[in-house]
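Student: I would like a close look at one part of this model, the place where two helices pack against each other. Please take that part residue by residue and then set it in the whole chain.

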Amino acid sequence: MAKPKRGRSTEIIDKHVGARIRERRIMLGLTQQQLGELIGVTYQQAHKYEHGINRIGAGRLYEVGRVLNVPITYFYEGVSEEE
């Protein structure tokens, strides 16, 4: 059975959330390697999250928010302007 494709708006949100993760990571002076270690994934996976290639699950996003010291809502701020 073929995997359903993501809708355009879903793709935009995934990319926005990833960009916000990257923005905050850089603001804190962390590398993708360091972020990956802190959230329990490889730096390759952290890279894929940041570029919206792989969707980040709710539990993992919660952990990213905890590590980056921001509420979950931080990642969605400004998303409506991009749609």
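Tutor: Start with helix 3, where A46, Y49 and E50 are buried; buried means under 20% relative accessible area, exposed over 50%, and partly exposed in between, with a 1.4 Å probe and protein chains only. These three cover an arc of only 95° around the axis, so they sit on the same side of helix 3. The arc is taken over the directions from the helix axis to the C-beta atoms. Helices here are DSSP runs of H or I with at least four residues, strands are E runs of at least two, and both are numbered from the N terminus. An α-helix has 3.6 residues a turn, so residues three or four places apart point the same way.

This is a predicted model, in which local features need pLDDT of at least 70 and side-chain atom pairs count only at pLDDT 80 or more, while totals for chains, interfaces and linings use all residues. Residues are numbered from 1 along each chain as its sequence is written, and side-chain values use heavy atoms, with hydrogens and water left out.

The partner is helix 2, in which Q32, L35, G36 and I39 are buried. Their arc around the axis is only 100°, which puts them on the same side of helix 2.

Two packed helices are described by the angle between their axes and the distance between the axes. For helix 2 (residues 32-39) and helix 3 (residues 43-50), the axes come within 8 Å and cross at roughly 100°. Helix 2 is therefore roughly perpendicular to helix 3. Axes are lines fitted to C-alpha atoms, for helices over the stretch in contact, and angles run from 0 to 180 degrees between N-to-C directions. Under 35 degrees counts as roughly parallel, over 145 as roughly antiparallel, 65 to 115 as roughly perpendicular, and the rest as oblique.

Across this crossing, Q32, Q33, L35, G36 and I39 of helix 2 meet Y43, A46, H47, Y49 and E50 of helix 3, where contact means heavy atoms within 4.5 Å. The residues of the contact divide into 5 nonpolar, 4 polar and 1 charged. Nonpolar covers Ala, Val, Leu, Ile, Met, Phe, Trp, Tyr, Cys and Pro; charged covers Asp, Glu, Lys and Arg; the others, Gly among them, are polar.

L35, found in helix 2, is worth following further. With a relative accessible area of 1%, L35 is buried. Leaving aside neighbours within four places in sequence, L35 is in contact with I21, R25, E50, V67 and L68. The C-alpha atoms of L35 and H47 are separated by 9.7 Å, with their positions 12 residues apart along the chain.

V67 leads to helix 4 (residues 58-68), where it lies. V67 counts as buried because its relative accessibility is 19%. From L35, V67 is 32 residues away in sequence and 8.0 Å away in space, C-alpha to C-alpha. Beyond its neighbours within four places, V67 is in contact with L35, L38 and I39.

The ends of the two packed helices also deserve a note. Just after helix 2, G40 takes a positive phi of about 80°, and helix 3 is followed by G52, whose phi is positive, near 70°.

As for the whole chain, the protein has 5 helices and 0 strands. Of its 83 residues, 34% count as buried.
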